[in-house]
Amino acid sequence: VLLADETLPPGQVILKDEALLTCKDWQEPKELRAAFRITSESKQAAILELFAPKDSEYYANVQRGLRGGASCGFLPGEDLGMLAHLSTTVYFNGIELVSPPQDGSIGPGEDAGVGLFEYACRVSHSCRPNCSWSFPSRYHEIVLRSKQAISAGEELSVSYLEDSLLLAPRHVRHAWLLENKGFRCSCARCEEESDDMLRFLCMRDGCRGTLGIKRSLSGSSSWTPCQACKSLPTDSEKSYLESHEG
């Protein structure tokens, strides 16, 4: 968790963080092992302090896979526990490395695998983040920048989700984060009484508006009228739309 130590205006560069480790094919144990070994001892120590739950399903699966590989002569003599810990660290903390296009065009550039960062990897997730990160010139340096005004003492947050998932309903976001990051999100947006992304196209002929369903954390729900024609769905339409939810 990182907190703002002073009031920050929108667009403020908060930190620039050099990568502790970068790896193109991190799911290949030999590649990950090689990337770790060429880092300094201080960076290795910082990497091993990052979040890596040994009670996670991912950790158990990696251990099983490494033991199976070792029994076949793969990675002989390796500390399989260390490799499993390292792989789990990258799985839960790794940030996708995408450098800007070399020709100056707009859009993503080279996909360079994942990186671990001492501070950036400690920034909390939020489905309504107040910061964003980018790679302005080289993929082994990450820049954290404020998206809005941030008060002193306020927690800094980014989204761990791709844009398409950030626009998904709450239960879809929760499922992805639990499976891929090992936690259930409890940010301000997720703790709101209703889900702000449960919207559907209106079923009235010729209408291009949308109507929404407010689903509370307790499980109750209510429908909001179409923004365009102001109509509410019939009971049969509600059943149809709810069956196609998410």
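**Contacts and packing in the predicted model**

S157 makes contacts with V123, S124, H125, S126, R128, P129, N130 and C131, leaving aside residues up to four places away in sequence. These contacts are taken from a predicted model. S157 lies in strand β7, which spans residues 157–158. With a relative accessibility of 7%, S157 is classed as buried, because the class covers values under 20%.

The protein as a whole contains 7 helices and 10 strands. Of its 246 residues, 43% are buried. Among contacts with a separation of 6 or more, 59% join residues that are 24 or more positions apart.

A second buried strand position is L21, in β1 (residues 13–23), with a relative accessibility of 3%. When residues up to four places away in sequence are not counted, L21 touches L32, A35, F36, T39, I47, V114, G115 and L116. One of these partners, G115, is 94 residues from L21 along the chain, and the C-alpha atoms of the two residues are separated by 5.5 Å.

Helix packing was examined for α4 and α6. In general, two packed helices are described by the angle between their axes and the distance between the axes. Helix α4 covers residues 80–93 and helix α6 covers residues 170–181; their axes come within 8 Å and cross at roughly 160 degrees. Angles over 145 degrees count as roughly antiparallel, and α4 and α6 are therefore roughly antiparallel to each other. The contact is made by Y91, F92 and N93 on the α4 side and by E179, N180 and K181 on the α6 side. By class, these residues comprise 2 nonpolar, 2 polar and 2 charged. K181 also takes part in a charge–ring arrangement: its charged end sits over the ring of Y160, at 5.7 Å from the ring centre.

Aromatic pairs were searched for over the whole structure, and 6 were found. One of them joins F51 and F92 in an edge-to-face arrangement, with 5.6 Å from centre to centre and 75 degrees between the planes. This pair links distant parts of the chain, since F51 is in the loop between α2 (41–48) and α3 (57–71), F92 is in helix α4, and the two are 41 residues apart. The accessibility of the two partners was also computed. F51 is partly exposed, with a relative accessible area of 45%, whereas F92 is buried at 8% relative accessibility. The rings of Y91 and F92 have centres 5.0 Å apart and planes at 90 degrees, so this pair is edge-to-face. Ring pairs connect F51, Y58, Y91 and F92 into a cluster. Two members of this cluster, Y91 and F92, are also among the α4 residues that meet α6.

Backbone geometry gives a further local feature at K230. This residue is not a glycine, yet its phi is positive, at about 70 degrees. K230 is located in the loop between β10 (221–224) and α7 (235–243). With a relative accessible area of 58%, K230 is exposed, in contrast to L21, which is buried at 3%, and S157, which is buried at 7%.

Terms used
Residues are numbered from 1 along each chain as its sequence is written. This is a predicted model: local features need pLDDT of at least 70, side-chain atom pairs count only at pLDDT 80 or more; totals for chains, interfaces and linings use all residues. Side-chain values use heavy atoms; hydrogens and water are left out. Axes are lines fitted to C-alpha atoms, for helices over the stretch in contact, and angles run from 0 to 180 degrees between N-to-C directions. Helices (H or I, at least four residues) and strands (E, at least two) are DSSP runs, numbered from the N terminus. Angles under 35 degrees count as roughly parallel, over 145 as roughly antiparallel, 65 to 115 as roughly perpendicular and the rest as oblique. Contact means heavy atoms within 4.5 Å. Ala, Val, Leu, Ile, Met, Phe, Trp, Tyr, Cys and Pro count as nonpolar, Asp, Glu, Lys and Arg as charged, and the others, Gly among them, as polar. Rings of Phe, Tyr and Trp (its six-membered ring) pair if their centres lie within 6.5 Å; planes under 30 degrees apart count as stacked, over 60 as edge-to-face and the rest as tilted. Buried means under 20% relative accessible area, exposed over 50%, partly exposed in between (1.4 Å probe, protein chains only). A charge sits over a ring if NZ of Lys or CZ of Arg is within 6 Å of the ring centre and within 35 degrees of the ring normal.
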